[in-house]
There are 2 protein chains.
Amino acid sequence: MRLFAQRGYAAVSMRLIASEVGVQAGALYNYTPDKQGLLFSLMQSHMEDLLSARAARVTPDSPLAQLEDFTRFHIAFHLQRPDAVFVSYMELRSLDAQNFAAIETLRRRYEDELEQILQRGVQAGLFTVPDTKIATMAVIAMLTGVNTWYRTDGRLSAAEVGTIYWNMVRKAVAA
Amino acid sequence: MRLFAQRGYAAVSMRLIASEVGVQAGALYNYTPDKQGLLFSLMQSHMEDLLSARAARVTPDSPLAQLEDFTRFHIAFHLQRPDAVFVSYMELRSLDAQNFAAIETLRRRYEDELEQILQRGVQAGLFTVPDTKIATMAVIAMLTGVNTWYRTDGRLSAAEVGTIYWNMVRKAVAA
DNA sequence: GTCTATAGGACGATAGAC
DNA sequence: GTCTATCGTCCTATAGAC
């Protein structure tokens, strides 16, 4: 995942992967049918980790508290896996059609969780958004964007960033 | 730019580029010193187009109107060049150190324009943001995210999307 | 489950004719 | 400024020994 993130799928050879894990290239084929299968396996595991970590959280009562929980969860989870996040977005184009469809299904499932929170908040009169689908994409893009600038050795902890972004998200969707 | 966006820099061969423009591979070297130079030239032109298009706009008086103008400009400009936007973000890692630094300088210059708007708005008491640098990154990530879902043949025009996002940005930074 | 060796082909870049 | 031809290198994937 680290090599794919740093260099891109096409620029990483099986020889380089093998060298990083301390075997010869041929030995990798005992673990993956081919390079494409390896990329898919990494991306699928990442998406499944995301969905199960999300499912493991206790759902708060109100849509407002649910949105705060989603915001803090999303930032904390993604800041811990910058390589996986980068690869899972950038290398969608490197997947063959069937693998692409499988990853997109998982991604859609995650986005739906946020959209349902927004829909319930709108119905309860707590939120005002132009369109729940667009607001979903806007919030996720804003939150995932943390990965482009956050540095572990910077002045802010992941939890502090969560609070900062929660204030912006809260206001952006406020009634 | 289209080929790099669809397949990634490393996955595009000089032979493929040549075939798309109707020449043999060797002929390309009359136009670029090498493949790396071609990537850099494309990305540099994109960033310079962005900065000069931005500079060409008449600056409104108030920070609020400036922020609205920036929001609408950013969305309109980026929706017209999805391939260039994708490549300029994704292929930063494919640039050598010197070219990377040059592109980063141009990118920083663009981000600074938004940050200065936010700073003036905060000083005027119009905006309340946790940190102008973080708010800058959050707004740009949200706006650029439009490119991941917008379809030209969809129900919304680029201008309508601009209005939708302006409402979210306005609320997110509101005092 | 690892190794060495290699098949078979694509790669970036250049040389030299025209 | 384009072509053909090619250099030297690297690629994925497989075969077969151990």
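Colleague: What lines the second largest cavity in this model?

Modeller: In this predicted model, V139(A), M142(A), A172(A), V173(A), M142(B) and M168(B) line the second largest cavity. From chain A, α7 (132-144) and α9 (158-173) each supply at least two residues of that lining.

Colleague: Why does the lining of the second largest cavity count as six nonpolar, no polar and no charged residues?

Modeller: Just go through the names: the lining holds Val, Met and Ala residues. Val, Met and Ala count as nonpolar, so the split comes out as six nonpolar, no polar and no charged.

Colleague: What makes this space a cavity and not a pocket?

Modeller: A cavity is a place where a 1.4 Å probe fits but cannot get out, whereas a pocket is open. The second largest cavity holds about 30 Å³ of space, and the structure has two cavities of 30 Å³ or more.

Colleague: How much space lies in the largest cavity, and which residues are closest to its centre?

Modeller: About 70 Å³. Its lining has 16 residues, with G8(A), A10(A), R93(A), G8(B) and A10(B) closest to the centre. By class, the lining of the largest cavity has six nonpolar, four polar and six charged residues. Gly counts as polar, Ala as nonpolar and Arg as charged, so G8(A), A10(A) and R93(A) fall into three classes.

Colleague: On to the DNA. How do you know that Y29(A) makes a polar contact with DNA strand D?

Modeller: Check the distance: a polar side-chain atom of Y29(A) is 3.0 Å from a phosphate oxygen of the strand. The cut-off is 3.5 Å, so this pair is a polar contact. Backbone atoms do it too: a polar one of Q24(B) is 2.6 Å from a phosphate oxygen of DNA strand D, and for V12(A) the distance is 3.4 Å, which is still within 3.5 Å and therefore counts.

Colleague: What makes M14(A) a residue near DNA strand D?

Modeller: Being near takes a heavy atom within 4 Å. M14(A) is among the 14 residues around DNA strand D, and is listed with those that come nearest. Of the strand's atoms that come within 4 Å of the protein, sugar and phosphate account for 65%.

Colleague: Which part of DNA strand C does R15(B) contact, and why is that called polar?

Modeller: A base nitrogen, 3.0 Å from an N or O atom in the R15(B) side chain. That is within 3.5 Å, so it is a polar contact. Y31(A) instead has a polar side-chain atom 3.0 Å from a phosphate oxygen of DNA strand C.

Technical notes
Residues are numbered from 1 along each chain as its sequence is written. Chains are lettered from A and ligands numbered from 1 in the order in which they are written. This is a predicted model: local features need pLDDT of at least 70, side-chain atom pairs count only at pLDDT 80 or more; totals for chains, interfaces and linings use all residues. Side-chain values use heavy atoms; hydrogens and water are left out. A polar contact is a pair of N or O atoms within 3.5 Å; within protein, one must be able to donate a hydrogen and the other to accept it, and residues adjacent in sequence count only if both atoms are side-chain atoms. On a 1 Å grid over the protein atoms alone, a cavity is a set of points where a 1.4 Å probe fits but cannot get out, and a pocket is an open set with protein on both sides within 12 Å along at least five of seven lines; lining residues have an atom within 4 Å of a point. Grid points are joined across faces, edges and corners, and a volume is the space filled by probe spheres set on the points. Helices (H or I, at least four residues) and strands (E, at least two) are DSSP runs, numbered from the N terminus.
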